[in-house]
Amino acid sequence: MDQEVRITLRLPADLHSWLAAEARSARRSLNSEILHRLETGRDTDAAHDERP
């Protein structure tokens with residue numbers, strides 16, 4: 001990442017709990033888990049956009 005932007009994010013408590021559990025399971029911080037999922041989703045969307 002060349003530049004970082006800090007944001008405030010509001011999540012429902014159940015989604016936060018689920019993400020935190022997933023992060024622990026993957027041995028990542030909550031921030032890293034959210035970034036991982038966003039980047040994976042972005043890559044998946046880009047792959048779908050490239051299809052003829």
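Visitor: Why is Glu-33 called buried?

Guide: The label rests on relative accessible area, taken with a 1.4 Å probe and protein chains only, where under 20% is buried, over 50% is exposed and anything in between is partly exposed. Glu-33 has 1% relative accessibility, so it counts as buried. This is a predicted model, in which local features need pLDDT of at least 70 and side-chain atom pairs count only at pLDDT 80 or more, while totals for chains, interfaces and linings use all residues. Residues are numbered from 1 along each chain as its sequence is written, and side-chain values use heavy atoms, with hydrogens and water left out.

Visitor: What surrounds Glu-33, leaving aside its neighbours within four places in sequence?

Guide: Glu-33 is found in helix α2, a helix being a DSSP run of H or I with at least four residues (a strand is a run of E with at least two), numbered from the N terminus. With contact meaning heavy atoms within 4.5 Å, Glu-33 touches Leu-19, Glu-22, Ala-23, Ala-26 and Arg-28.

Visitor: What makes the pairing of Arg-28 and Glu-33 a salt bridge?

Guide: A salt bridge requires a side-chain nitrogen of Lys or Arg within 4 Å of a carboxyl oxygen of Asp or Glu, and the N to O distance between Arg-28 and Glu-33 is 2.8 Å, which satisfies that rule. Unlike buried Glu-33, Arg-28 is partly exposed, because its relative accessible area is 32%.

Visitor: How do you know that Arg-37 and Glu-22 are joined by a salt bridge?

Guide: Their side chains meet at 3.2 Å, N to O. The pair links distant parts of the chain, since Arg-37 belongs to helix α2 and Glu-22 to helix α1, 15 residues apart. With relative accessible areas of 33% for Arg-37 and 29% for Glu-22, both residues count as partly exposed.

Visitor: What makes Arg-42 exposed, and what is Asp-43 by the same scale?

Guide: Arg-42 has a relative accessible area of 54% and is therefore exposed, whereas Asp-43, at 47%, is partly exposed. These two residues also form a salt bridge, with the closest N and O atoms 4.0 Å apart. Elsewhere, salt bridges that share partners join Glu-22, Arg-28, Glu-33 and Arg-37 into one network.

Visitor: How do you know that the length of helix α1 agrees with what is expected?

Guide: The expected span is 1.5 Å times one less than the number of residues, so the 13 residues of α1 (residues 13–25) should span 18 Å, and the end C-alpha atoms are indeed 18 Å apart.

Visitor: Why are the buried residues of α1 said to line one face of the helix?

Guide: In α1 the buried residues are Leu-19, Ala-20 and Ala-23. Seen down the axis, the buried residues fall within an arc of 100 degrees, judged by the directions from the helix axis to the C-beta atoms, so they line one face. Those residues pack against α2 (30–49), while the face turned away carries exposed Asp-14, Arg-24 and Ser-25.

Visitor: Why is Arg-27 called exposed, and what is its phi?

Guide: Arg-27, in the loop between α1 and α2, has 79% relative accessibility and therefore counts as exposed. Most residues other than glycine have a negative phi. Arg-27 is not a glycine, yet its phi is positive, about 55 degrees.
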